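I opened a notebook page for this structure and kept the entries short. Each entry records one thing I looked up.

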Amino acid sequence: MKHSITVCACMLCSFLAVYAQPHISAQAHEDAVTVLTLPDKDGAFYSAGKDGFLTKWTQDNLGEHYQLTDLEIRMAAVHPNGTDVAVYETDGYTLHRVSVWNWKTQTRRYAKRFNTTITYMNYTAKGSYLVVGTASVSGSFFFESGSGRQVKKIQEATGIVSLFVTGQSERSAAAYSPSGMITYYNMSNGTQKTQFPAEPGLSQLCFFNNNLFLAGVKDGAIYITDALSGTLVTRIAADNPILIPNPADTGLYYIESAQSAFTIRYIQNNNNTAVNAPVTVRTFSGPERNAVTAAVKTADTVIAATTDGNLFSIPIGASQTAQDAQQITENRYQKIYDIVSTGESFYFLTANTVYSSSYTTGAVSRITENMNYTNFAVYKDTIIFWTKGSREPIRQTAPKTNAAKILFTPRNDIQNLQVYGDVLLYIEGSSTVNTYNMTTGMQTEMYRGTGIQDAVMYGNQMIIAKSAASAPQSALISVDVTTKETVMLPVTGDVAYSLAYDPAVTNAPVYYIAVSADGSSAKTTVNAYYPSRRSSTQILQLSDEDVSAFTYLYGTTLYTNIGKTQVRSYNIQSRRELRLNRSASLPLKITRNRTHAAVLNRDGSISWYRQGSGTILADWYLTTGGQWFEF
């Protein structure tokens, strides 16, 4: 079976000119840190994690934060030039992408998409090539690091490898296969030099002592292997070990966690043929038990990353006394989960509170409390709380009186909720569209099907976006509110979602996003459907698949973030497009009033724009004290 890769030209235009700068702070990652890179000669290193952020940390314990993707980053590798960084992004299922970024400009140089899981990724010693190992019979792929052009450096398929390291001259290389094999290659002619069996199924693989020893973890133990013969040197029992690789070290450091204590131990090289029993270097407390996910070593310090997104610094020095690890990250900001325009002001939803503010005043007022809901809508003088992807009861609160009540409890996970006059329109799961009458308290099932994505009330009918694969086989349908009669609408696309229209305009078009795939190619389009003449027109196109973008309509301006990197503003009358410069984090939602647009970013910050301008006025983060901090 031939394994294929695709040059990901998707969103190329968006990535070429995003005009963003990283935010510099000690803020922690939002979620678990998955990788730390080896420090450079100045002690700087990168962290990356499930939140899609790549952060460069310098010796002053400040990080340059920049979100590369809305996916998890599982691997990262820094080119010897210190500027280019390769990352492996994945949704954990079908999307596997390696992208290379210029850190100085925060622009993506190129990307490669793979059909299977990435098992290894790193640059060769001089940085001539980027090596990507895959869980396929084809095994490893080689790309010229500057151009991204694929080259054939090994004549025969390497098979699945989880480590591939070249010598300093790049004329030879060693690879480890999880099936239990060490193979050496001649990189000059691409031939295999020698191969011998080794311990199978090792993880956290790394070489040390000038590549003479290979270390890996398996079943609660550290295995040290003679890299030149495959012979097992020793097996060291260890509780939840995290290896701390550094090719320059003659020995190997690792972190072991047992009960409530963490210990840094050192395996010393013994005459290049054996290793001594591990010795304790430092015992420390700080991260919670089993919370360490990765670690690296600078000259005299170990940096440990944790499942909650924090980084800790532990000085290396012989000590039998438990000491606290110094936390170098902090959590200064409240995450904003949702935002709503309320005329001249905006409401901001955090885990515990709804705040009111605007760019004009900058003042922050507390409106009411929030009981951990992640979404909200405004109905008259009250707030409707709901949580996407949850069956939490739908709650109504009147801020002026603090009166609160449960309206109803959904039977399935809520996917969307909108207010139309005295009616709440909401989608449960991907199978039903329902309404709730705020006056009578009556719930009504309006449509039942499969693959439902979005719905809007349009006069006496309801327009529903769905998968075209489900009956009736159209990506858009209309349902008569009274008779429930369903009609297929003449649009193209495999799936439609993210509907928007202006109820104040007679015969207003309904804007929607459609995704179409044909073999190895896909496209995403923003379209206008005209119910009066039963036809649609394409407005914007992206040469890739994007199934989670938004549309937002304000007057004659349509906003969307197809491509995920930037918000695109499209003037319906002049047909002119304006791209809004992005923040350090990716855009998630937009809303606006007469004078300003506010973009909610994925990290919970707000980017402000003046009406008609793509330049960021300011990026605001809400501090834990309830005040704005501006970048």
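The entries go from the whole chain to its sheets, then to hairpins, odd backbone spots and a cavity.

**Entry 1: the whole chain**

I noted at the start that this is a predicted model. I then looked up the secondary structure. The protein has 1 helix and 63 strands. Next came the radius of gyration, which is 27 Å. The globule rule gives 25 Å for 631 residues, so the protein is as compact as a globular protein of that length. I also took the extent of the C-alpha trace along its principal axes. It spans about 85 × 55 × 45 Å. For burial, I found that 55% of the 631 residues are buried.

**Entry 2: the sheet from E19 to E22**

I picked an open sheet of 4 strands, and its order reads E19-E20-E21-E22. The pairing is antiparallel. Which strands stand at the edges? They are E19 (203-208) and E22 (232-237). Each has a single partner strand, so one side of each is left without a neighbour in the sheet. Neighbouring strands here are turned by 20° against each other on average, with direction ignored.

I then went down to one pair. Strand E21 covers residues 221-226 and pairs with E22 over 5 bridges, in the antiparallel sense. Within this pair I logged one contact: Ile224 stands opposite Thr234 of E22.

**Entry 3: the sheet from E39 to E42**

I looked up another open sheet of 4 strands, in the order E39-E40-E41-E42. Its pairing is antiparallel. The edge strands are E39 (375-379) and E42 (403-408). A single partner strand serves each of them, so each has one side without a neighbour in the sheet. The average turn between neighbouring strands of this sheet is 25°, direction ignored.

Again I checked one pair. E39 is joined to strand E40 (residues 382-386) by 5 bridges, and the two run antiparallel. Tyr379 has Thr382 in E40 as its bridge partner.

**Entry 4: E36 and its two partners**

I wanted to know whether strand E36 (residues 345-349) is covered or open. It is mostly covered, with 4 of its 5 residues buried.

On one pairing, strand E35 (residues 338-342) meets E36 over 5 antiparallel bridges. Ile339 stands opposite Phe348 in E36. E35 and E36 form a hairpin with 2 residues between them. Gly343 in that turn has a positive phi of about 85°.

On the other pairing, E36 is joined to strand E37 (residues 353-357) by 4 bridges, again antiparallel. Phe348 stands opposite Tyr355 in E37. E36 and E37 also form a hairpin, with 3 residues between them. I therefore logged Phe348 twice, opposite Ile339 and opposite Tyr355.**Entry 5: backbone outliers**

I kept one general point in mind. Most residues other than glycine have a negative phi, and most peptide bonds are trans.

Where does Pro472 sit? Pro472 is in the loop between strand E48 (461-466) and strand E49 (476-480). A cis peptide bond joins Ala471 to Pro472, with omega of about -10°.

I then looked up two arginines. Arg534 has a positive phi near 50°. Its place is the loop between strand E53 (521-530) and strand E54 (535-542). Arg534 counts as partly exposed because its relative accessibility is 42%.

Arg575 also has a positive phi, near 60°. It lies in the loop between strand E57 (567-571) and strand E58 (577-580). Is Arg575 buried or exposed? At 66% relative accessibility, Arg575 counts as exposed. The cut-off for exposed is over 50%.

**Entry 6: the cavity**

How many cavities of 30 Å³ or more does the structure hold? I found 1. The largest cavity has a volume of about 40 Å³.

I went through its lining next. Among the lining residues are Thr565, Gln566, Val567, Leu580, Asn581 and Arg582. Ser583, Pro587, Val599, Asn601, Ser607 and Tyr609 line the cavity as well. By class, the lining has 5 nonpolar, 6 polar and 1 charged residues. Strand E60 (596-601) and strand E61 (606-610) each supply at least two residues of this lining.

Note on methods: Residues are numbered from 1 along each chain as its sequence is written. This is a predicted model: local features need pLDDT of at least 70, side-chain atom pairs count only at pLDDT 80 or more; totals for chains, interfaces and linings use all residues. Side-chain values use heavy atoms; hydrogens and water are left out. On a 1 Å grid over the protein atoms alone, a cavity is a set of points where a 1.4 Å probe fits but cannot get out, and a pocket is an open set with protein on both sides within 12 Å along at least five of seven lines; lining residues have an atom within 4 Å of a point. Grid points are joined across faces, edges and corners, and a volume is the space filled by probe spheres set on the points. Ala, Val, Leu, Ile, Met, Phe, Trp, Tyr, Cys and Pro count as nonpolar, Asp, Glu, Lys and Arg as charged, and the others, Gly among them, as polar. Two strands pair if DSSP finds at least two bridges between them. Axes are lines fitted to C-alpha atoms, for helices over the stretch in contact, and angles run from 0 to 180 degrees between N-to-C directions. The radius of gyration is taken over C-alpha atoms; the globule rule is 2.2 Å times the number of residues to the power 0.38. Buried means under 20% relative accessible area, exposed over 50%, partly exposed in between (1.4 Å probe, protein chains only).
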